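Q: I'm new to looking at protein models. Could you walk me through how to read one, feature by feature?

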Amino acid sequence: MKIAKQLLQALLLYGIFLVGGWLQNTLHIPLSGSIIGLLLLWIALSLKIIHLKWVESGAYLFLSLLPLFFIPATVGVMNFGPFFMGKGIVLIPITIISTFMTLWIASFVSQSIAKHTVKRKEESECN
Amino acid sequence: MQLITLSILFIFLTIGMYAIMSFIYVRYYNALLVPILTTTTAIIIVLVLFNVPYETYMVGGKWIDALLGPAVVSLSIPLYKQRKLLKQYLYPILGGVLVGSMVGMISGVLFAKLIGFSKEIVLTILPKSITTPIAMEITSGLGGIPTLATVFVIIAGLTGVLFGQPLFKLFKIDTALGRGIGLGVASHAIGTSKAIEYGEQEASMSSVAMTLSALIGSFLGPLISWLFY
């Protein structure tokens with residue numbers, strides 16, 4: 001019973017994904033069909049057009065297997081073996097350094113803004 | 001008939017290998033054993049050993065690949081459920097995601113361009129900090145190579161998993177917000193799996209940051225590409 005419910009909900013999510021793809025093609029939106037579907041679902045949930053319980057367990061079924069769905073794409077790396085044997089190898093340290101910078105800056109900025117706003121709130125409460 | 005047999009064979013190979021690697025990851029919890037990395041490696045080894053080209057593997061693989069779209073749609077659920085936390089930390093989250101995404105894209109593009117890589121390659125490295133399906137979409141939209149983009153996405157993910165802890169110590173990132181946002185923005189889903197180890201707050205922040213950076217990146221990518229070319 002639970003599995004039947006999850007599959008039905010998964011089907012609904014697949015439908016939303018198809019609508020997203022259709023909107024992308026018809027309106028030439030510069031976003032992927034899946035992201036448009038994500039936004040559509042978020043709006044539908046916020047406006048209570050779709051209730052959380054209609055999609056929740058199906059969504060967690062998809063999310064629990066998320067890495068699995070990546071694999072056919074990541075196996076495609078095998079076609080690039082020769083690329084990383086040559087000059088392409090330099091792109092690996094570039095990716096690592098650039099990601100390190102991203103991690104540092106993103107965490108630093110969010111933490112600083114949060115500490116700043118909390119301080120301001122405390123000050124205004126004292127006044 | 002042969003096509004159906006091949007499809008079933010490769011679907012089972014993928015699911016079976018993933019099940020084994022997930023079990024190993026849970027058993028010997030280690031950052032280097034993330035199933036996405038180990039399963040991919042194992043399947044590539046099998047395909048190379050049996051001399052199977054990627055295109056043949058995809059006869060079955062495409063059925064699993066087809067579920068990536070609705071799985072991304074499903075990310076809407078945690079985002080919706082965490083809307084209160086999102087609202088409470090709206091500015092820190094938006095600021096961190098926006099600045100972080102810009103730094104990630106611009107630095108990657110800049111380094112690759114300075115070293116003299118072709119436009120096609122430079123635009124392929126651009127969305128490396130964004131979760132795989134969307135990174136591939138962004139890359140293909142810009143005229144890069146989507147399958148190659150996944151290589152950079154995986155390297156970016158593992159960088160966060162391996163260097164996150166020492167970086168947080170070095171730069172005194174001591175809040176759940178900072179750690180979660182950093183891992184989500186820089187290292188997407190793989191980073192989020194690391195954030196879960198820190199705690200529930202880090203995990204939710206990281207998944208919000210990962211989703212937001214995919215969203216913002218879909219707009220930011222074309223803009224940065226336009227700035228450089």
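Q: Let's begin with contacts inside chain B. Among those between residues at least 6 apart in sequence, what share joins residues at least 24 apart?
A: The share is 67%. Keep in mind as we go that this is a predicted model.

Q: And what is chain B built from, in helices and strands?
A: Just count each kind: chain B has 12 helices and zero strands. If you write the elements out along the sequence, you get α-α-α-α-α-α-α-α-α-α-α-α.

Q: How compact is chain B for its length?
A: Here you set the radius of gyration beside what the globule rule gives. Chain B comes out at 18 Å, close to the 17 Å given by the rule for 229 residues, so chain B is as compact as a globular protein of that length. You can also picture a box along the principal axes: the C-alpha atoms of chain B fill one of roughly 55 × 45 × 30 Å.

Q: What percentage of the residues of chain B count as buried?
A: That would be 59% of the 229 residues.

Q: Now the two chains together. How do I put a size on where chain A and chain B meet?
A: People often quote the accessible area lost when the parts come together. Chain A and chain B bury about 7,200 Å² between them, and 81% of that is on carbon and sulfur atoms. You can count residues too: 69 residues of chain A are in contact with 93 residues of chain B.

Q: How many residue pairs are in polar contact between chain A and chain B?
A: There are 17 such pairs, with both residues at pLDDT 80 or more. On the chain A side, the elements that give two or more residues are helix 1 (2-27), helix 2 (33-46), helix 3 (52-64), helix 4 (66-75), helix 5 (81-85) and helix 6 (91-126). Helix 6 of chain A gives the most, with 23 residues. Sorted by class, the side of chain A that touches chain B has 49 nonpolar, 16 polar and four charged residues.

Q: What about salt bridges: how many does the structure hold over all chains?
A: First the idea: side chains of opposite charge can pair when their charged atoms come close. Over all chains, the structure holds three salt bridges, and the count between chain A and chain B is two.

Q: Which residue does Lys81(B) meet in a salt bridge?
A: Its partner is Glu56(A), at 2.5 Å from N to O. Lys81(B) sits in helix 5 (residues 76-81) of chain B and Glu56(A) in helix 3 of chain A, so this pair joins two chains. Lys81(B) counts as partly exposed because its relative accessibility is 40%, between the 20% and 50% cut-offs. Glu56(A), at 22%, also counts as partly exposed.

Q: And which residue forms a salt bridge with Lys115(A)?
A: That one is Asp174(B), and the closest N and O atoms are 3.3 Å apart. This pair crosses between chains: Lys115(A) is in helix 6 of chain A, while Asp174(B) is in the loop between helix 10 (146-170) and helix 11 (176-198) of chain B. Lys115(A) is partly exposed, with a relative accessible area of 44%.

Q: Where do Arg179(B) and Glu202(B) lie?
A: Their side chains meet in a salt bridge at 2.9 Å, N to O. Arg179(B) is in helix 11 of chain B and Glu202(B) in helix 12 (residues 200-228) of chain B; they are 23 residues apart, and the pair links distant parts of the chain.

Q: Are those two buried or exposed?
A: Arg179(B) is buried, and Glu202(B) is buried as well.

Note on methods
Residues numbered from 1 in each chain as written. Chains lettered and ligands numbered in written order. Predicted model: local features only at pLDDT ≥ 70, side-chain atom pairs only at ≥ 80, totals over all residues. Heavy atoms only, no water. Contact = heavy atoms within 4.5 Å. Buried area = accessible area lost by both parts, 1.4 Å probe. Salt bridge = Lys/Arg side-chain N within 4 Å of Asp/Glu carboxyl O. Polar contact = N/O pair within 3.5 Å; in protein donor to acceptor, adjacent residues only side chain to side chain. Helix = DSSP H or I, 4+ residues; strand = E, 2+ residues; numbered from the N terminus. Nonpolar A, V, L, I, M, F, W, Y, C, P; charged D, E, K, R; others polar. Buried < 20%, exposed > 50% of the residue type's maximum accessible area, 1.4 Å probe, protein only. Rg over C-alpha atoms; globule rule 2.2 N^0.38 Å.
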